[in-house]
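Please consider the sequence and the model shown here. The explanation that follows moves from strand pairing to the surface.

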Amino acid sequence: MNDKFRERAILPLAIPLGGLIFIAVITVAMSQVLLNVPKEIATAVALMTALSVLITASVIAVRQKLNSFELLFMTGAAAFPLVLGLGVALGVVEIEAEPEHAEAEVIELAADKLAFETAELRVPAEVPFELEFTNKEQAPHNVAILEEGEQSTLFREDPIAGPKTVKWKVPALEVGSFPFRCDIHPDMKGVIVATQAETGHGEETAAEEVVEVSAKDSKFDKSELRFTADKETELELNNLDATQPHNVSIYETAESTTPLFEEQSFVGPKKVKWKVPALKAGNYYFKCDVHPNMNGQVVVT
């Protein structure tokens with residue numbers, strides 16, 4: 001009775017249930033292995049495991065009987081890719097995967113009122129980059145990058161009507177300055193400065209300090225500029241006024257008439273960088289010489 005009950009009731013339930021449990025365990029184990037190895041390795045492990053299982057099952061189906069050694073060998077061959085993947089996941093086996101390429105740097109440029117909002121773009125030299133161009137008006141504009149001397153074109157895209165934003169892939173530029181313009185409106189122009197990225201080799205140099213200030217509607221966006229004492233500083237003025245010239249001059253005090261630093265004013269929209277000589281610690285006065293009501297304090301610490 002017990003044998004018949006086991007054969008007719010228990011085994012028909014136990015065998016499928018045991019098979020499902022075995023499949024679940026293998027599936028979970030396989031997924032954990034594949035999730036913890038590089039994607040290139042995961043694909044290879046999955047394909048090798050599937051192929052090994054297929055070959056093993058085919059051999060077992062063809063052969064009427066396998067001895068213990070053959071059965072052990074076939075099982076090991078089928079499980080080897082999975083074991084290899086487990087070793088990679090646990091760090092026991094080291095496989096050098098191809099390094100992923102860094103994402104291209106995105107440089108932004110906008111056009112509005114028949115002018116580029118930025119007259120100077122800085123990009124890494126010898127590295128492709130993405131130019132994100134926003135045309136804010138209905139008039140069509142494009143961007144063409146030219147060689148120094150404007151004798152040949154290095155990059156050009158078709159004009160787009162706005163308002164619209166597009167991204168263009170720009171080939172790597174050598175170290176240097178390259179003019180850019182809108183082909184439809186040649187007065188819309190600027191310059192791209194391609195500089196060599198720091199490699200980290202050789203002597204370490206301190207990063208150059210850059211202080212930024214913007215002018216719009218004949219007002220500075222900052223009433224205080226902070227410099228580091230006894231150190232040359234780059235001062236970047238972004239003039240957003242299309243009809244008003246602005247500059248930045250630095251004086252000892254508001255009553256001083258002789259500037260410690262002075263540059264020519266310019267009309268925007270345009271960005272210009274100047275090198276300000278090292279100043280000693282203290283408080284100074286800055287203003288736009290064209291519009292003296294545009295002023296503030298320079299704090300040097």
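The paragraphs below treat a group of paired strands and then two surface patches. The model is predicted.

The strand pairing may be followed from β10, which spans residues 210–216. On one side of the account stands β13, residues 233–239, which runs parallel to β10 and is joined to it by six bridges. Within this pairing, Val 213 has Leu 237 of β13 as its bridge partner. β10 is also paired with strand β11, residues 219–220, but here the strands run antiparallel and two bridges join them. One of the residues involved is Ala 215, whose bridge partner in β11 is Phe 220. The connection between β10 and β11 is a hairpin, with two residues separating the strands. In the turn of this hairpin, Asp 217 adopts a positive phi of about 55°. Strand β10 thus has a parallel pairing with β13 and an antiparallel pairing with β11.

Attention may now turn to the surface. Leu 51, Leu 54 and Ile 55 make a nonpolar surface patch of about 290 Å². Of these residues, Leu 51 belongs to helix α2, which covers residues 39–62.

A second patch is negative in character, and Glu 126, Glu 147, Glu 148 and Glu 174 form it. Where does Glu 174 lie? Glu 174 is located in the loop that links β7 (164–170) with β8 (176–181). Is this residue, Glu 174, buried or exposed? Glu 174 counts as exposed because its relative accessibility is 61%, and the cut-off for exposed is over 50%.

Technical notes: Residues numbered from 1 in each chain as written. Predicted model: local features only at pLDDT ≥ 70, side-chain atom pairs only at ≥ 80, totals over all residues. Heavy atoms only, no water. Pairing = 2+ DSSP bridges. Helix = DSSP H or I, 4+ residues; strand = E, 2+ residues; numbered from the N terminus. Patch = residues over 30% accessible without salt bridge, like charges linked within 9 Å, V, L, I, M, F, W, Y side chains within 5 Å. Areas by Shrake-Rupley, 256 points an atom, 1.4 Å probe, with all protein chains shown as cover. Salt bridge = Lys/Arg side-chain N within 4 Å of Asp/Glu carboxyl O. Lys, Arg positive; Asp, Glu negative; His and termini not counted. Charge placed at Lys NZ, Arg CZ, Asp CG, Glu CD. Buried < 20%, exposed > 50% of the residue type's maximum accessible area, 1.4 Å probe, protein only.
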